Amino acid sequence: MSYKNGPRPKRFVMAEYPNVKDASLIGTYPALVSGGGGYVWDDVLEYRVWCHPHDGAPDTEDGNDYYYVFETYGEALEFSEATLGAEQPLALIVQEEYIDEPEPGQFAHIKAQRLTEWPVEFLSRPRRHANTIPAFFAPDAPKNRVDILRGLA
């Protein structure tokens with residue numbers, strides 16, 4: 001199969017990205033959500049592929065950008081690579097609590113739920129568990145606290 005950007009690179013390996021939390025809910029989440037950040041994730045709600053008519057995607061929304069939703073990363077990637085004017089897939093995630101960084105190196109523990117779109121590569125970070133954020137803020141945390149979130153400490 002050929003893709004809009006040529007043949008799939010040989011280095012491509014389907015990552016072990018999780019399926020969505022509840023497939024019956026994909027497509028029901030708001031289009032406009034936070035973008036990036038928070039350092040931790042709880043669940044993937046859907047995978048999204050944004051399409052841009054100004055980049056060649058079919059103009060189905062009067063010139064406005066739009067997106068398609070998918071249950072798996074693999075489905076989203078296949079669509080993205082086969083569709084002119086489509087971005088790479090994003091993961092819509094839910095964060096039940098997260099780490100905010102309002103200024104470089106200044107961190108805050110936010111205990112509120114939010115939905116946000118993430119590059120799927122961020123899902124390679126370990127999923128948040130009960131000790132993730134407390135370990136990040138612990139007095140004996142490593143100098144590079146982000147290593148905890150990367151699963152390196």
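**Exercise 1.** In this predicted model, find which residue forms a salt bridge with Asp43, and state where the two partners lie in the chain.

*Solution.* Begin with the charged atoms: Asp43 pairs with Arg127, and the closest N and O atoms of the two side chains are 3.9 Å apart, which falls within the 4 Å limit for a salt bridge. Next, place the partners: Asp43 belongs to strand S2 (residues 43-51), whereas Arg127 sits in the loop between strand S7 (114-119) and helix H2 (132-137), so that the bridge links distant parts of the chain, 84 residues apart. Then consider the surroundings of Arg127, which counts as partly exposed because its relative accessibility is 39%, a value between the 20% and 50% cut-offs.

**Exercise 2.** Determine which residue pairs with Arg48, and whether the two partners are buried or exposed.

*Solution.* The partner is Glu117, with the closest N and O atoms 2.9 Å apart. Since Arg48 lies in strand S2 and Glu117 in strand S7, the salt bridge ties together parts that are 69 residues apart in sequence. As to accessibility, both Arg48 and Glu117 are buried, which means that each has under 20% relative accessible area.

**Exercise 3.** Identify the salt-bridge partner of Arg128, then work out which residues are joined into one network by bridges that share partners.

*Solution.* The side chain of Arg128 meets that of Glu97 in a salt bridge, at 3.6 Å from N to O. Arg128 is in the loop between S7 and H2, while Glu97 is in the loop between strand S4 (90-95) and strand S5 (98-103), and the two linked parts are 31 residues apart. Turning to shared partners, one network is made up of Lys21, Asp43 and Arg127. For the structure as a whole, the search finds 7 salt bridges.

**Exercise 4.** Describe the accessibility of Glu78 and its separation from Pro89.

*Solution.* Glu78 is located in helix H1 (residues 73-82), and because its relative accessible area is 30%, Glu78 is classed as partly exposed. The C-alpha atoms of Glu78 and Pro89 are separated by 9.5 Å, the two residues being 11 apart along the chain.

**Exercise 5.** Establish which element has the highest mean pLDDT, and which stretch should be read with caution.

*Solution.* Start with the whole protein, whose mean pLDDT is 88, with 90% of its residues reaching 70 or more. Among the elements, S2 has the highest mean (98) and strand S1 (residues 34-35) the lowest (83). Over residues 1-13, however, the pLDDT is below 50, although this stretch has 17 contacts in the model beyond near neighbours in sequence. Where pLDDT is low, predicted coordinates should not be read in detail.

How values were computed:
Residues are numbered from 1 along each chain as its sequence is written. This is a predicted model: local features need pLDDT of at least 70, side-chain atom pairs count only at pLDDT 80 or more; totals for chains, interfaces and linings use all residues. Side-chain values use heavy atoms; hydrogens and water are left out. Helices (H or I, at least four residues) and strands (E, at least two) are DSSP runs, numbered from the N terminus. Buried means under 20% relative accessible area, exposed over 50%, partly exposed in between (1.4 Å probe, protein chains only). pLDDT is the predictor's confidence in each residue, from 0 to 100. Contact means heavy atoms within 4.5 Å.
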